[in-house]
Amino acid sequence: MLLLSMAHADVGGKNVILIHGFNPFHIVSPPSDNGKADAMNYWKDINPAFVRQGGQNSNIIHWPSHKRLTGSGGIISIVQPQIQALLNENYCADQCVIVTHSTGDLVARFLVKNKTSIFGSAQASKLKIAAVIDLAGAGGGTELANFGVGISNGVNFGGSIISGLLEYAGFYFRFGLDVGVMNDLQTSVARNHATNGFPAVPHLRVAGTGSEVFGFATHPIIHGADDSVVPLHSACGAAYASSYDSCSRDTRPDGKLTYVSKAPSASQLYDYHYPIIMSEGIAHNEMQTNKTGNTMTSIRSVEATYKNGNAYTQAINIDDYEKREWWDWWSKYRYISGSKSNSVSTMLVNSVM
C-alpha cells in the first residue's frame, strides 16, 4: 500500500507533488521568498508519506497569494521552474501523483491542462501524472472570493459587518486593495480557467461540509453546503456553480444512503473529475492536517465510474462498510473503516495503491 524512502515522497508507488492553497496574509504582507517558508509550514502536519525527505529539490511547490494566476510574474511563472527542476531529475518518470489543497486545485488544473505550452513539448512529456488528488478543491471558485473582491473594490459597503467578521477569520479586505489570486477564485473567473477539455488525468476529490470557527460569518455568503470556505460545487468538481448538498445523488456527506436531489449527476461533473470521499464534519483547513475524529464516507457509484473509465490510471481501494443506525429510524449509512481515528491524508495513504 505504501512505499516510503528517504529520497522521495511515495504514495501508491509514485512520487508526490504538493501544491498548497490560498494564504490571506500574503495580500497585506507579500512574502519576500514567494511564499516558500509558508508553503513548508502549510504541509507540516500532513502524513509524512506525502513529503519528500531528501534530494536537492523539494516536492512542496510554493507560490504567493498576492499574485494573479497567470500573466507576467504570476503564479504559474513562479511554479513552472520548481516543477521543471523536478522534471530535470526525472522525478515523474514513473508517474507522479499531484496532491492539492484549496486554491492549489486551480493551479494544478491550469498546469495539467496547459503543460505543453508551459514546459514545452519535450519537457511536458516528462510530467507523467497518474492522478491529481484534490482536498477541498477550489478550482471552481468560491462566492467568498466574489464577496471579498467586491469589498476591495468598494462594493458591498452594506456588508461592512461581515467584512469585519471575515477579517477575524484571516481574510483581510480593504477598499482599493489588490487581492491577487482571489480575483481568480471568483466563481465566474475560476470557471473560465477550469473548463472542460481536460486531458485524461483523473482528479480524485475529497470534500467536506464542516465548520471553521468563523463559519458563522462565511456560510451565509457561500451557495449550498460548504466547508466554511469552499462550496461543494467546487469541491465536488461540478461543472456548474449550483447550490449542492452533496457530491452524489445517492449519498449524503454524513454517509446516509438516500436520494439527494441537490447534487450533481455524473454528467454534471467536469471531465475526469471524481468525488470519492466526503465528510460532514471536516472543515476546510482540517483537510491537510493530522486532524482526526471525523467520520468519512465513500461514493461507490462515482468510484465505480472511475474504475470503469479510460482515466483509471491510479488504483484506489477504499475500505468501507454499511450499517443501519437506530437513531435515524434504522436508516442505512456507509462509513470508511477507521476514518474517525485517522486524518484525511492517512486515509488516502491507506486507499491509494
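Visitor: Which residue does the side chain of aspartate 254 meet in a salt bridge?

Guide: This is a predicted model, and the pairing is read from its atoms. Side chains of opposite charge can pair when their charged atoms come close. Here the separation, taken from N to O, is 2.6 Å, and the partner of aspartate 254 is arginine 252.

Visitor: Is aspartate 254 buried or exposed?

Guide: The cut-off for buried is under 20% relative accessible area. The salt-bridge partner, arginine 252, counts as partly exposed because its relative accessibility is 29%. Aspartate 254 has a relative accessibility of 16%, and therefore it counts as buried.

Visitor: Which elements hold glutamate 322 and arginine 300, whose side chains meet in a salt bridge?

Guide: The two side chains meet with an N to O distance of 3.2 Å. The pair ties together parts that are 22 residues apart in sequence, because glutamate 322 and arginine 300 lie in separate elements, namely strand β9 (residues 320-325) and helix α13 (residues 300-307).

Visitor: Which residue in strand β10 forms a salt bridge with glutamate 322?

Guide: Glutamate 322 itself is partly exposed, at 32% relative accessibility. The strand β10 residue counts as buried, at 7% relative accessibility, and its closest N and O atoms to those of glutamate 322 are 3.3 Å apart. This pair ties together parts that are 12 residues apart in sequence, since glutamate 322 lies in strand β9 and its partner in strand β10. The partner is arginine 334.

Visitor: Which residues are linked with Glu322 in a network of salt bridges?

Guide: The pairs just described supply two of the names, since glutamate 322 bridges to arginine 300 and also to arginine 334. With the remaining members added, the residues linked with Glu322 are Arg300, Asp320, Lys332 and Arg334.

Visitor: What is the side chain of opposite charge nearest to glutamate 286?

Guide: Glutamate 286 is found in the loop between β7 (273-279) and β8 (297-298), and it is buried yet has no salt bridge. A salt bridge needs the nitrogen and oxygen within 4 Å, whereas the nearest side chain of opposite charge is 4.2 Å away. That side chain belongs to lysine 291.

Visitor: What is the relative accessible area of serine 343?

Guide: Serine 343 lies in the loop between β10 (331-336) and α14 (344-351). Leaving out residues up to four places away in sequence, it touches Thr289, Asn290, Lys291, Thr292 and Met296. Serine 343 is buried, and its relative accessible area is 4%.

Visitor: Which side chain does the side chain of serine 343 join through a polar contact?

Guide: The partner is one of the buried residues of α14, and it is also in contact with phenylalanine 50. The polar contact spans 3.3 Å, and the partner is serine 345.

Visitor: Which elements do the buried residues of α14 pack against?

Guide: The helix is mostly covered, with 7 of its 8 residues buried, including Val344, Met347 and Leu348. These buried residues pack against β5 (129-135), β6 (203-208), β7 and β10.

Visitor: How many residues has the largest nonpolar core?

Guide: In soluble globular proteins, nonpolar side chains tend to be buried together. In this chain of 353 residues, 58% count as buried. Phe50 is among the residues with the most contacts inside the largest nonpolar core, and the number of residues in that core is 92.

Note on methods
Residues numbered from 1 in each chain as written. Predicted model: local features only at pLDDT ≥ 70, side-chain atom pairs only at ≥ 80, totals over all residues. Heavy atoms only, no water. Helix = DSSP H or I, 4+ residues; strand = E, 2+ residues; numbered from the N terminus. Buried < 20%, exposed > 50% of the residue type's maximum accessible area, 1.4 Å probe, protein only. Contact = heavy atoms within 4.5 Å. Polar contact = N/O pair within 3.5 Å; in protein donor to acceptor, adjacent residues only side chain to side chain. Core = buried A, V, L, I, M, F, W, Y, C linked by side-chain atoms within 4.5 Å. Lys, Arg positive; Asp, Glu negative; His and termini not counted.
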